[in-house]
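Me: I've got a structure open and a pile of terms I only half understand. Can we go through them one by one?

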Amino acid sequence: MKLASLKQADPKRGRDGKLVVVSDDLAWCADASHIAPTLQAALDDWANIAPALENLATDLAHEMIPMRRFHERDAAAPLPRAYQWADGSAYVNHVALVRQARSAEMPDSFWHDPLMYQGGSDGFLGPRDDIPLADEAWGCDLEAEVVVVTGDVPMGAKREQALDAILLVGLTNDVSLRNLIPGELGKGFGFFQSKPASAMSPVFVTPESLGDWWKDGKLHRKLMVDLNGQPFGRAEAGEDMTFDFGTLIAHAAKTRKLGAGTIIGSGTVSNRDADGGPGKPIADGGVGYSCLAEVRTIETINTGAPVTPFLKAGDTVRIWAEDDRHHPIFGVIEQTVARM
């Protein structure tokens, strides 16, 4: 089952969007607001509401109900705002490279204790919304990631219990302002200004609908990233993932319960090269990258200084994952950087 939230004509009267079920090929959708007005409302009573949504999705597949064309430009983030957004760093390869470029020691704890920060969740960007940027000197970067949405998770939940709490899977472009990060971290109190609004994929998908592509708390598909129309990243999301989503959720729930609608991010998807070294650009036979910081880091390691620039006004970013027929599974995040 695939779910989306359509933008309302008057956001002030419906800022959480209008819930729809979407066909597997993302061509059609059906109004689900008579079952649950918003995705958050569905998540709050998932055990009772999900079966009705599944029946609606089946009726849509058999063209038994009124339906309309699904246009991704009309979609808000599936959860236009969420009670919680916590982003992990499951691909420790990415962290190790960044620290290597800074000549910073890599603590051994990073390999068995996940990093995680709590981001702003009061407003996510839609999949086709511009990336607003007030100052290019801030170092705007894309970050292609996998996300999951949970139901209620009790405090102290173990990995298997956390895995059972995953209700939906999707993608995000977790925008970062890299040049603001050092100053914020230097204060010893974490990210804030350096982590503006993230964008979410047009649809979120139930794990059951992903079949073998979802296994052991990981999405086993390539995360495709194009930058200005050119292939930039083709990393395998299921590889080099040190911490699966069950582990990330259990980490987040160690000292607190998580409410239904919590979004957990994987962190930047990152693969090492086949020889075990840092990843290579696609043009050089590698799988590329899921953020600019990583390629800049590798340039720094190899030559002493980064060459690839951060995003600037007019740059376009495209993020998606494909099925076996090369069709997008979650739709496509496609954004242009806009100077504000």
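Reply: Sure, here come some questions about the labels, each answered by setting a value against its definition. This is a predicted model, where local features need pLDDT of at least 70, side-chain atom pairs count only at pLDDT 80 or more, and totals for chains, interfaces and linings use all residues. Residues are numbered from 1 along each chain as its sequence is written, and side-chain values use heavy atoms, with hydrogens and water left out.

Me: What makes tryptophan 85 count as buried?

Reply: Buried means under 20% relative accessible area, exposed means over 50%, and partly exposed is in between (1.4 Å probe, protein chains only). Tryptophan 85 has 2% relative accessibility, so the label is buried.

Me: And why is lysine 222 called buried, exposed or partly exposed?

Reply: Lysine 222 comes out at 41% relative accessibility, so this residue counts as partly exposed. You'll find lysine 222 in strand β16 (residues 222-227). Helices (H or I, at least four residues) and strands (E, at least two) are DSSP runs, numbered from the N terminus.

Me: Which residues does lysine 222 touch?

Reply: Leaving out residues up to four places away in sequence, lysine 222 touches Arg234, Ala235, Glu236, Trp320, Ala321 and Glu322. Contact here means heavy atoms within 4.5 Å. Lysine 222 and tryptophan 320 are 98 residues apart in sequence, yet 8.6 Å apart in space, C-alpha to C-alpha.

Me: How do you know which strands pair with β18?

Reply: Two strands pair if DSSP finds at least two bridges between them. Strand β5 (residues 84-88) has four bridges to β18, in the parallel sense, and alanine 86 stands opposite isoleucine 264 there. Strand β9 (residues 144-150) has three bridges to β18, in the antiparallel sense, with valine 149 as the bridge partner of isoleucine 263.

Me: What can be said about the two faces of β18?

Reply: In a regular strand the side chains alternate between the two faces of the sheet. For β18 (residues 262-265), Thr262 and Ile264 are buried on one side, and Ile263 and Gly265 are buried on the other.

Me: How many aromatic pairs are there, and what makes two rings a pair?

Reply: There are four aromatic pairs. Rings of Phe, Tyr and Trp (its six-membered ring) pair if their centres lie within 6.5 Å; planes under 30 degrees apart count as stacked, over 60 as edge-to-face and the rest as tilted. One of the pairs is tryptophan 85 with phenylalanine 124, at 6.2 Å centre to centre and 85° between the planes, and this pair is edge-to-face. Tryptophan 85 lies in strand β5 and phenylalanine 124 in the loop between β6 (116-118) and β7 (131-133), so the pair ties together parts 39 residues apart in sequence. Phenylalanine 124 is at 8% relative accessibility, so it counts as buried.

Me: How are the rings of tyrosine 117 and phenylalanine 191 arranged?

Reply: Those two are 5.0 Å apart centre to centre with 75° between the planes, and are edge-to-face. Tyrosine 117 is in strand β6 and phenylalanine 191 is in the loop between α5 and β12 (199-200), 74 residues apart. At 16% tyrosine 117 counts as buried, whereas phenylalanine 191 at 28% counts as partly exposed.

Me: What makes arginine 296 sit over the ring of phenylalanine 310?

Reply: A charge sits over a ring if NZ of Lys or CZ of Arg is within 6 Å of the ring centre and within 35 degrees of the ring normal. Arginine 296 lies over the face of phenylalanine 310, at 4.0 Å from the ring centre. Arginine 318 lies over tryptophan 320 in this way too, at 5.1 Å. Phenylalanine 310 is in the loop between α7 and β19 (316-320), and its relative accessible area of 15% makes it buried.

Me: How do you know that the length of α7 agrees with what is expected?

Reply: The expected span of a helix is 1.5 Å times one less than its number of residues. Helix α7 (residues 292-303) has 12 residues and should span 16 Å; its end C-alpha atoms are 16 Å apart, so the two agree.

Me: Last one: why is cysteine 291 in no disulfide?

Reply: A disulfide is a pair of cysteine sulfur atoms within 2.5 Å. By this rule the count is zero. For cysteine 291, the nearest cysteine sulfur, that of cysteine 140, is 12 Å away. Cysteine 291 has 0% relative accessibility, so it counts as buried.
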